[in-house]
Amino acid sequence: MNPIVPSRRDFLKGAAAAAAAGVVPMSFVKLAFADPAQDFTFAYISDAHIQHISGTKFVRNWDRGLIRAVAETNLLTPKPDFVMFGGDLGQLGMKEELDHGAEIMSKLRYKTHYVMGEHDYYLDLGEYWSKLFGPHWYSFDHKGVHFVVLNSVLTYDDWTYNKWPSAQERMLQMAGLDNPNGSPFMVGEKQRAWLKADLDKVAKTTPVVVFSHSPLQKLYKGWNFWTEDAEEVQAILKPFDKVNVIYGHVHQIQYNQIGNISFNAVMATAWPWPYPNSYAQAQHTMPVLTVPMNRADPFFERDATGWQFIDVHTGRVALKYNLYNNTARTVAWNPATGKPEDTVFQDPAKRIPPQVHY
Ligand SMILES: [Fe+2]
Ligand SMILES: [Fe+2]
């Protein structure tokens, strides 16, 4: 299978071939600039949630999601320059989970960068993760693009250090999607100062791509689709001409534009989360540009997993999503409206209503 090809027309052919062959549960990213010599691609795999059962047993379905993504990434043509992993490698931050996830990821034939997820962090506050993968936040430059990785899943010190009788209890409380005992995610003052200092060295015309685990915007606090200090982080990114934030955590396609910043979520290899407004919980808090997932069946564990191709040829990202067992979608910048729009599902009449389960 060769799903990734450079031109738009060829991409569509490739997407059709990929759909016929079965879709890959990962994200493929292409950055393209005016000078073709500068073009490059990278792959994006996220939210594997490797879960330990006992001994050498792990939840098989989550294992398979990650193993498949790694295998397909190794087969990509053209080869990606590197791979990003978007966080939540483990389910409960355990050494067994992180080791097992790292072992699966070690089969990748590319340089791989990691983002911290809350499921990786709240058992030992990222200590073991750091031994495997390095610092919690960092930046790197690649072919004229400045990439920044943030740990956006920190929270208030009182919640982290004083509230829970054990590290295990703290991890379990943060692991719940809709647990009112959780606490809002944040980047935090120390890391924001680092980000500002890091970006002070970068020309304002340089494209900036920021990887975070939680969205660096406020979507739905009840499920922690939220970053408490999002406005402060956005203010640091504001001076740059073109900024892209790519995040995991929400296990679904989302997109939004705030000022100069384009926000795009990537899909998980483990399972899809439903949209909060599928359950009529918080429609008014979702960004105006986010349309429902069009998931035929929110309880089908592989629906809404897949891969996407991201093209910033015009300086604005255009995402071509290929969903497993669902309709392919394109979310592209519309110069007429100045917003990213879903070219298939922006029309409410074309949306697939979510299936109701009782
Ligand atoms: Fe996740
Ligand atoms: Fe997460």
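Reader: Which helices each supply at least two residues of the lining of the second largest pocket?

Author: Happy to start there, bearing in mind that this is a predicted model. The second largest pocket has a volume of about 240 Å³, and 22 residues line it. Among the elements behind that lining, two helices each give at least two residues: α4 and α7 (167-175).

Reader: Which helix gives the most to that lining of the second largest pocket?

Author: Nearest the centre of this pocket lie G176, L177, G222, W223 and N224. By class, its lining holds eight nonpolar, eleven polar and three charged residues. The top contributor, with three residues, is α7.

Reader: Thanks! And which residues lie nearest the centre of the largest pocket?

Author: The largest pocket holds about 290 Å³ of space. Its lining divides into seven nonpolar, five polar and three charged residues, and α6 (157-162) and α8 (189-200) each supply at least two residues. Of the 15 lining residues, those nearest the centre are Y121, L154, T155, D157 and Y161.

Reader: Let's turn to the metals. Which residues are the protein donors of the iron ion (ligand 1)?

Author: The donor atoms lie 2.0 to 2.3 Å from this ion. In sequence the donor residues follow the spacing D-x1-H-x38-D-x162-H. Named one by one, they are D47 (OD), H49 (NE2), D88 (OD) and H251 (NE2).

Reader: Why is the arrangement of the four donor atoms around the iron ion (ligand 1) irregular?

Author: A tetrahedral site needs all angles between 85 and 135 degrees, and a square planar one needs opposite donors over 155 degrees apart with all others between 65 and 115. Ideal angles for four tetrahedral donors are 109.5 degrees. Around the iron ion (ligand 1), the four donor atoms subtend angles that make the arrangement irregular, from 87 to 174 degrees.

Reader: Are the donors D47 and H49 buried or exposed?

Author: The cut-off for buried is under 20% relative accessible area. D47 has 0% relative accessibility and therefore falls below it. H49, at 1%, also counts as buried.

Reader: Which residue bridges the iron ion (ligand 1) and the iron ion (ligand 2)?

Author: The two ions lie 3.4 Å apart. The protein donors of the iron ion (ligand 2) are D88 (OD), E118 (OE), E118 (OE), H213 (NE2) and H249 (ND1), at 2.2 to 2.7 Å. The residue that coordinates both ions is D88.

Reader: Where in the chain are D88 and E118, and how many residues apart are they?

Author: The donor residues of the iron ion (ligand 2) are spaced D-x29-E-x94-H-x35-H. D88 sits in the loop between β5 (82-85) and α3 (95-105), while E118 belongs to helix α4 (residues 118-121). This pair links distant parts of the chain, with a separation of 30 residues.

Reader: Now the aromatic side chains: why is the pair of F42 and F211 edge-to-face?

Author: The model has 18 aromatic pairs. Planes over 60 degrees apart count as edge-to-face. The ring centres of F42 and F211 are 5.8 Å apart, and the pair is edge-to-face because the planes meet at 85 degrees.

Reader: Which strands hold F42 and F211?

Author: Both F42 and F211 are buried, and they are part of one aromatic cluster that also includes Y44 and F82. The two residues are 169 apart in the chain. F42 lies in β2 (residues 40-45), and F211 lies in β9 (residues 208-212).

Methods: Residues numbered from 1 in each chain as written. Chains lettered and ligands numbered in written order. Predicted model: local features only at pLDDT ≥ 70, side-chain atom pairs only at ≥ 80, totals over all residues. Heavy atoms only, no water. Donors = N, O, S within 2.8 Å, 3.2 Å for Na, K, Ca; no water. Tetrahedral: all angles 85-135°; square planar, octahedral: opposite > 155°, others 65-115°. Buried < 20%, exposed > 50% of the residue type's maximum accessible area, 1.4 Å probe, protein only. Helix = DSSP H or I, 4+ residues; strand = E, 2+ residues; numbered from the N terminus. 1 Å grid on protein atoms, 1.4 Å probe; cavity = no way out; pocket = protein on both sides within 12 Å on 5 of 7 lines; lining within 4 Å. Points joined across faces, edges and corners; volume = space filled by probe spheres on them. Nonpolar A, V, L, I, M, F, W, Y, C, P; charged D, E, K, R; others polar. Phe/Tyr/Trp six-rings, centres within 6.5 Å; stacked < 30°, edge-to-face > 60°.
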